[in-house]
Amino acid sequence: MLKEFRDFILRGNVIDLAVGIVIGAAFGALVTSFVTNILTPLLGLLQIPEFSNLSFTAGESEVPYGLFLNQLITFVLIAAAIFFFVVKPVNAMTARLKKPEDESEPPIKACPFCTMDIPAAATRCPNCTSELS
């Protein structure tokens, strides 16, 4: 049983998953810090107020809806930061690195024995198996 456990732990996909989770957590902390420490303070330039003090009373309970509005704004800022600083640059980079695929059809010819269309470079017909010159 220990050998099976060792084999399970040392499989490539388990290690890849662990690395992905750790990198994802670090990246999440980085994006959160960027939004909290850079983008959110810049909202003051746009005259967007702090909503954390907003609330209303329902019966005997206080409902702090301002905290929800702050989290909503933070979510939108995180989504925008990821889109503009990660997704767009990565898409641009992959578009530059991607080689254009040759979408032209390979030339074809008719087999002289069975008249089926075959690739021009074929030396044997896949339909009738005749050798071609």
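Student: What makes the meeting of Arg 6 and Asp 7 a salt bridge?

Tutor: In this predicted model, the side chains of Arg 6 and Asp 7 approach to 3.5 Å, N to O. The criterion asks for a side-chain nitrogen of Lys or Arg within 4 Å of a carboxyl oxygen of Asp or Glu. The value of 3.5 Å satisfies that limit, so the pair is called a salt bridge. Side chains of opposite charge can pair when their charged atoms come close.

Student: Why is Arg 6 called partly exposed?

Tutor: Its relative accessibility is 46%. Partly exposed covers the range between under 20%, which is buried, and over 50%, which is exposed. Arg 6, at 46%, therefore belongs to the middle class.

Student: Which residue forms a salt bridge with Lys 3, and how do you know that the rule is met?

Tutor: The partner is Asp 7, with the closest N and O atoms 3.2 Å apart. Because the cut-off is 4 Å, the Lys 3 pair qualifies. Both residues lie in helix 1, which comprises residues 2–9, and they are 4 residues apart, about one turn of the helix. An α-helix has 3.6 residues a turn, so residues three or four places apart point the same way.

Student: Are Lys 3 and Asp 7 buried or exposed, and what is the basis for the terms?

Tutor: Lys 3 has a relative accessible area of 55%, which is over the 50% limit, so Lys 3 is exposed. Asp 7 stands at 35%, between the two limits, and is therefore partly exposed.

Student: How many salt bridges does the rule give in total?

Tutor: The count comes to 3 salt bridges. One of them joins Arg 124 to Glu 131, whose closest N and O atoms are 3.0 Å apart. Salt bridges with shared partners also link Lys 3, Arg 6 and Asp 7 into one network.

Student: Why do Arg 124 and Glu 131 carry the labels they do for accessibility?

Tutor: Arg 124 has 42% relative accessibility, which falls between the limits of 20% and 50%, so Arg 124 counts as partly exposed. Glu 131 has 59%, over the 50% limit, and therefore counts as exposed.

Student: Why is Ser 130 called buried?

Tutor: Its relative accessible area is 18%, and buried means under 20%, so the term applies. Ser 130 is found in the segment after strand 4 (117–119). With its neighbours within four places in sequence left aside, Ser 130 is in contact with Phe 113, Thr 123, Arg 124 and Cys 125.

Student: What makes the phi of Thr 129 worth noting?

Tutor: The phi of Thr 129 is near 60°, a positive value in a residue other than glycine. Most residues other than glycine have a negative phi. Thr 129 also lies in the segment after strand 4, and its relative accessible area of 48% makes it partly exposed.

Student: Where is Gln 47 found, and what is its phi?

Tutor: Gln 47 is found in the loop between helix 2 and strand 1. Its phi is near 60°, again positive in a residue other than glycine. Gln 47 is exposed, because its relative accessible area of 67% is over 50%.

Student: Which residues form the nonpolar patch on the surface?

Tutor: The patch consists of Ile 38, Leu 42, Leu 45, Leu 46 and Ile 48, with about 490 Å² of accessible area together. Leu 45 is placed in the loop between helix 2 (12–42) and strand 1 (56–58). At 67% relative accessibility, Leu 45 is over the 50% limit and so counts as exposed.

Student: How do you know that the span of helix 3 is close to the expected one?

Tutor: Helix 3, residues 65–97, has 33 residues and reaches 47 Å from its first C-alpha to its last, close to the 48 Å expected at 1.5 Å a residue. Helix 3 nevertheless bends by about 35° at Phe 83.

Student: Which residues of helix 3 are buried, and what covers them?

Tutor: The buried residues are Gly 66, Asn 70, Leu 77 and Ala 81. The cover over the buried residues of helix 3 includes helix 2.

Student: Why is Leu 67 called partly exposed?

Tutor: Leu 67, a residue in helix 3, has 45% relative accessibility, between 20% and 50%, so the term partly exposed applies. Residues up to four places away in sequence not counted, Leu 67 touches Phe 51 and Ser 52.

Notes. Residues numbered from 1 in each chain as written. Predicted model: local features only at pLDDT ≥ 70, side-chain atom pairs only at ≥ 80, totals over all residues. Heavy atoms only, no water. Patch = residues over 30% accessible without salt bridge, like charges linked within 9 Å, V, L, I, M, F, W, Y side chains within 5 Å. Areas by Shrake-Rupley, 256 points an atom, 1.4 Å probe, with all protein chains shown as cover. Helix = DSSP H or I, 4+ residues; strand = E, 2+ residues; numbered from the N terminus. Buried < 20%, exposed > 50% of the residue type's maximum accessible area, 1.4 Å probe, protein only. Expected span 1.5 Å × (residues − 1). Bend = angle between axes of the 7 residues up to and from the residue. Contact = heavy atoms within 4.5 Å.
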